[in-house]
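Colleague: Before I rely on labels such as "buried" or "salt bridge", could you take me through the criteria behind them?

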Amino acid sequence: MSTNIEWTDQTDNIIRVKGGGWWCQKVSEGCAKCYSEKLNQNSFFGGNKLPYSGLAPELELDTETIRKWGFQRKSKNHFVASMTDVFGEWVPRHWQHEMLDGMFAAPKQTFQILTKRPEIMLSSMDEWLSCRGLDKLPSNIWVGTSTENQQTADKRIPILLQIPAVVRFLSCEPLLGEIDLKIIPNWVICGGESGPNSRPCHIEWINSIVQQCQQSNTKVFVKQLGANAKFGGQQFQTRDKKGGDIEEFPEQLRIREFPVLVRD
Ligand code: SF4
């Protein structure tokens, strides 16, 4: 499906609720205003109105989309499972492995997988690698974790870095505080929260991430300032309602880089 997420070409939501809509389970502060849950409350957009808490409903894996990856001619970046966490505790491990098999069979496509549960991603990928007799992930599988504040960064980044992948990335969005990244993977996406009642994002926090990346020669992608951007303690007004127009960014933040593409 086409998307307006600036750092990918399309989203492939391979896990859905039987009968329609999506489901996920909130896990940390970054989930509080989950865009996917909001969309899921709206039947006009195909939502089923379930909240993202409690027990998982009956789900299905879209094996047809996975199968088709290998036949696509044009190389694209695919953000897989943007509406849920494919490494949620409720997702059967063999589904995760079917997804990885499909990615392995589609070396021309690049797959961007983002989780807030890198510990499950690590153990599932370790299992898949050993079952397939591989010692590292193919270069078309990029693995990422979301880190919205210092606490999640300290917990999740060291786990992400144990996954043997060519591209490991962070999504610092919604950025909810200043983060000292300490160890930086290959690529960092950052941005403030969007939508009604967005929590504030101080442009100084984004600036700090960009500087840390530049000092360590890491590619960085500033996605948006957010709907409630602050600068010097004052509101920073933008015409774009999510602060996503790069022309409105302070000059030093007009930066949208991607990792260098390496193919096996
Ligand atoms: S992990 Fe992502 S999709 Fe799931 S509840 Fe949190 S923000 Fe929403």
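The conversation below goes through the ligand surroundings and then the salt bridges.

Modeller: This is a predicted model, in which local features need pLDDT of at least 70 and side-chain atom pairs count only at pLDDT 80 or more, while totals for chains, interfaces and linings use all residues. Residues are numbered from 1 along each chain as its sequence is written, and side-chain values use heavy atoms, with hydrogens and water left out.

Colleague: Which residues are around the ligand, and what makes a residue count as near?

Modeller: A residue is near a molecule if one of its heavy atoms lies within 4 Å of it, and the residues around the ligand are Cys24, Gln25, Lys26, Cys31, Cys34, Tyr52 and Lys116. By class, this shell holds four nonpolar, one polar and two charged residues; Cys and Tyr are among the types counted as nonpolar, Asp, Glu, Lys and Arg count as charged, and types outside the nonpolar and charged lists count as polar.

Colleague: How many salt bridges are there in the whole structure, and what makes Lys26 and Glu37 a salt bridge?

Modeller: A search of the whole structure finds 14 salt bridges. The term requires a side-chain nitrogen of Lys or Arg within 4 Å of a carboxyl oxygen of Asp or Glu, and the closest N and O atoms of Lys26 and Glu37 are 2.7 Å apart, so the pair qualifies. Lys26 is in the loop between β2 (15-17) and α1 (35-40), whereas Glu37 is in helix α1, 11 residues apart.

Colleague: Why is Glu37 called buried, and why is Lys26 called partly exposed?

Modeller: Buried means under 20% relative accessible area, exposed means over 50%, and partly exposed is in between, using a 1.4 Å probe and protein chains only. Glu37 has 15% relative accessibility and therefore counts as buried, whereas Lys26, at 36%, falls in between and is therefore partly exposed.

Colleague: What makes Asp85 and Arg117 a salt bridge, and which parts does the pair tie together?

Modeller: Their side chains meet at 2.9 Å, N to O, so the pair satisfies the criterion. Asp85 lies in the loop between β4 (77-80) and α3 (93-104) and Arg117 in the loop between β5 (110-115) and α4 (118-131), so parts that are 32 residues apart in sequence are tied together. Asp85 is buried because its relative accessible area is 4%, and Arg117 is buried because its value is 2%. Asp85, Glu89 and Arg117 are linked in a network of salt bridges.

Methods: Helix = DSSP H or I, 4+ residues; strand = E, 2+ residues; numbered from the N terminus.
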